[in-house]
Amino acid sequence: MTQDPQKGRQPYHRRGRRAEQDSQAAARAATTMYTFLPENFSPTKTKPSKELKPMLGSVLLGLLLVLAAVVAWCYYSTSLRKAERLGAELLELRTGGFSIRNQQGEQVFRLAFSSGALDLESCAREGDILSCSRSTGGPLNFFIQTVRPKDTVMCYRVRWEELAPTPSVEHTMFLGDVHWYGGAEMRTQHWPIQLAGLQAPQPFVTSDVYSSRAAFGGILERYWLSSKAVAIKVNDSVPFHLGWNATGRSLLLQARYHDTSYKPPVGREPLPELSYRVCVGSDVTSIHKYMVRRYFNKPSKVPAREAFRDPIWSTWALYGRAVDQDKVLRFAEKIRKYRFNCSYLEIDDMYMPAYGDFTFDETKFPNATEMFRKLQEAGLRVTLWVHPFVNYNSSSFGEGVERGLFVREPTGRLPALVRWWNGIGAVLDFTNPAAREWFQGHLRRLRTQYSISSFKFDAGEVSYLPRDFSTFRPLADPNLWSRRYTEMALPFFSLAEVRVGYQSQNISCFFRLIDRDSVWGHELGLRSLIPAVLTISMLGYPFILPDLIGGNAVPGHTAGEGGGNTGIPERELYVRWLEVAAFMPAMQFSIPPWLYDQEVVEIARKFAALRAELVAPLLLELAGEVTDTGDPIVRPLWWIAPGDEAAHRVDSQFLIGDTLLVAPVLEPGKQERDVYLPAGKWRSYKGELFVKAPILLTDYPVDLDEVAYFTWVS
């Protein structure tokens, strides 16, 4: 069968075109696969739309914020871990200072590092010690050591020692709204401490505040105590200076060696160190007891019983430097005539030819031996006034220069002459064993020759030394010269008195307040008496002599018309003063009561008898306990009521022991006063029983011949 040729070729033709197309497609693919782009070829990027730009910025900003937050958290966590690592039990350390909490979590102490800040990156903790090696000022040795001496007490030893030359180290201790006590006898004395104005740090050394208004007193210790049961004791090794800021309610604790009488220990560079111990207790009374037992000496003996029982009689305010043999004998005769007891009669200033002599002026005392015989026959013990000065016109001056007995100029070649209230002279160097023996040898000779019972050791303050001086044994702390002077009283302790005290609590004699003016106020007046006695008691000195009844009666420093015209203190002031003194560890007359009238004589007899019958037995009992406990004889009201806020503020009342509360009238023209009785049962001197204490008795009546006193009823 024959086929059509066209029909036979058509399908074949279609298959050829499809193959050709496939072949071309494969060739194009191969060409694309093996073609290389030129080096300068830059493809065109697709630009984002305008709507996407804000969204991308926000995403980027968010990423940055997240990154910053992560970095901040890491830094905070590191700082927090660092702070936790540098914390101690109840103490929080920061670059600029530290604070302390009590067991109840209340902040009770705060201090700032005023002269520099710590570099916490240089700090580490090992056991109970936090230590740092750098501050903003350079290298240093800083540490805080935690010590728990007993369950109720937590202590911190703090030390900031510069390792490179620097002017000073200063820390600011904030008093806050807490009551503070201690420190030093002051010219204007308050209880608790009251700051006034701004005082740049000055050497914390014994000074005569009667002559220097802004200085610290003759009795001082580096110790303060708060009503919140915090105590701070600055270490003995510190070249210590103290200032304050009343506006900031703060004390400025400073250590420095420039422009001061402090010297670095021999062989050491003058690199200041400020170190102290802060202890926190359960209450103010218990923490004070702990501090006294831990850091203070205690008296080893008790002075003579008669010094607690009977008044002391001094010639000073009555006769001054015009004292002579006839006046002494007449004074003794009047004491007996008016039937007063006498623990001892004190012959004061200018019985010698010149200051520094240890003999009686034959013009004023033509027969001293006979005078002393008559005094002994009258049953009177006698003491003499002495001091550490030898004036240039004294017969002893040449001997002192030749034997090297005096404090010298910095070169050590010549004696350092000083001006004191009785002229110009040299000062005995009590670091020199030869000077001590020379001085005590003269005292022993006087005691033997005239049967002298003891001595009144006057002066002894560092303020009477020159700014720059040298001693037989170098003194890093000039206060140690005062300490060496008080040691001269040791052989004569039973009836001796001194007026300086620094680390001298074991000197078992009476410590006398600085001279008082015959005025009512807090500046060396009657109102200063109780605050000063309480302050000295807290510093560890239990046997206190509050100077002369009525003050010194110095012209221009005596209240009322009586002082200017008659030379004796105002009558009312005198009576109120003797009433306070009758309850003190010792009482001392100089202006005698018979210079007023018979009523004043009777009031004086009444309180001398009350002292002998009621007060002295209690004083002697407490004095016997002091050698074991170190507890004060005269105590603040908070001693028996440590948690009573009102008791922390009372400055015109005091306790003898725990059982006798005394509230004298201390303001002119008053025959009443407010009396605060702490918790307990109290019986008044009138026989009233108060069982709902604590209580404030307002306008409690107290006549001129009375003192409000209360005994605790068990």
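How many nonpolar, polar and charged residues does the lining of the largest cavity have? By class there are 6 nonpolar, 2 polar and 1 charged. That cavity is a good place to start a friendly walk through this structure, which is a predicted model.

**Enclosed space**

A search of the whole structure finds 2 cavities of 30 Å³ or more. The largest cavity holds about 60 Å³ of space, and its walls are formed by Tyr 351, Met 352, Gly 356, Asp 357, Phe 358, Trp 385, Val 386, His 387 and Phe 389. The volume of the second largest cavity is about 30 Å³. Around this second largest cavity you will find Pro 299, Gln 505, Ile 507, Cys 509, Phe 511, Gly 540, Tyr 541, Pro 542 and Phe 543. Its lining divides into 7 nonpolar and 2 polar residues, with no charged ones.

**Open pockets**

Next come the pockets. The largest pocket has a volume of about 500 Å³. Its lining counts 28 residues, and the closest to the centre are Met 186, Thr 188, Ile 193, Gln 194 and Trp 244. Two strands, strand 9 (180-184) and strand 13 (240-245), each supply at least two residues of this lining. Strand 9 provides the largest share, 5 residues.

The second largest pocket has a volume of about 360 Å³. Of the 18 residues that line this pocket, Arg 527, Ser 652, Glu 667, Arg 673 and Asp 674 lie nearest its centre. Helix 15 (645-649), strand 30 (672-684) and strand 31 (689-701) each give two or more residues to the lining. Among these contributors, strand 30 gives the most, with 4 residues.

Here are the linings of the two pockets by residue class.

| Pocket | Nonpolar | Polar | Charged |
|---|---|---|---|
| Largest pocket | 17 residues | 8 residues | 3 residues |
| Second largest pocket | 7 residues | 2 residues | 9 residues |

**The fold as a whole**

What surrounds these spaces? The protein has 15 helices and 32 strands. Of its 714 residues, 55% are buried. Taking contacts between residues at least 6 apart in sequence, 68% join residues at least 24 apart. The accessible surface comes to about 31600 Å², and carbon and sulfur atoms account for 53% of that area.

**Aromatic pairs**

How many aromatic pairs does a search of the whole structure find? The count is 56 aromatic pairs. One of them is formed by Trp 224 and Phe 240, an edge-to-face pair with 6.2 Å from centre to centre and 70° between the planes. Trp 224 belongs to strand 11 (residues 220-226) and Phe 240 to strand 13, so this pair ties together parts that are 16 residues apart in sequence. Both Trp 224 and Phe 240 are buried. Strand 13 has already appeared above, as it also supplies at least two residues to the lining of the largest pocket.

A second example pairs Tyr 355 with Trp 420. Why is this pair edge-to-face? The ring planes of Tyr 355 and Trp 420 stand at 80°, with the centres 5.2 Å apart, and an angle over 60 degrees counts as edge-to-face. Tyr 355 sits in the loop between strand 17 (344-347) and helix 7 (368-377), while Trp 420 lies in strand 20 (residues 418-420), so the pair ties together parts that are 65 residues apart in sequence. Both Tyr 355 and Trp 420 are buried.

Beyond single pairs, ring pairs also link a cluster made of Phe 358, Phe 430, Trp 438, Phe 439, Phe 455, Phe 457, Trp 481, Tyr 485 and Phe 492. Phe 358 is a link back to the opening question, since this residue is also among those that line the largest cavity.

**A close look at Ile 144**

Let us finish with a single residue. Ile 144 lies in strand 6 (residues 138-150). Is Ile 144 buried or exposed? Its relative accessible area is 1%, and it is therefore buried, as buried means under 20%. Leaving out residues up to four places away in sequence, Ile 144 touches Leu 91, Leu 93, Phe 98, Asp 128, Ile 129, Leu 130, Tyr 156, Arg 157 and Val 158. One of these partners, Arg 157, is 13 residues away from Ile 144 in sequence, and the C-alpha to C-alpha distance between the two is 5.4 Å.

Key. Residues are numbered from 1 along each chain as its sequence is written. This is a predicted model: local features need pLDDT of at least 70, side-chain atom pairs count only at pLDDT 80 or more; totals for chains, interfaces and linings use all residues. Side-chain values use heavy atoms; hydrogens and water are left out. On a 1 Å grid over the protein atoms alone, a cavity is a set of points where a 1.4 Å probe fits but cannot get out, and a pocket is an open set with protein on both sides within 12 Å along at least five of seven lines; lining residues have an atom within 4 Å of a point. Grid points are joined across faces, edges and corners, and a volume is the space filled by probe spheres set on the points. Ala, Val, Leu, Ile, Met, Phe, Trp, Tyr, Cys and Pro count as nonpolar, Asp, Glu, Lys and Arg as charged, and the others, Gly among them, as polar. Buried means under 20% relative accessible area, exposed over 50%, partly exposed in between (1.4 Å probe, protein chains only). Contact means heavy atoms within 4.5 Å. Accessible areas come from the Shrake-Rupley method with a 1.4 Å probe; for residues, only the protein chains shown count as cover. Rings of Phe, Tyr and Trp (its six-membered ring) pair if their centres lie within 6.5 Å; planes under 30 degrees apart count as stacked, over 60 as edge-to-face and the rest as tilted.
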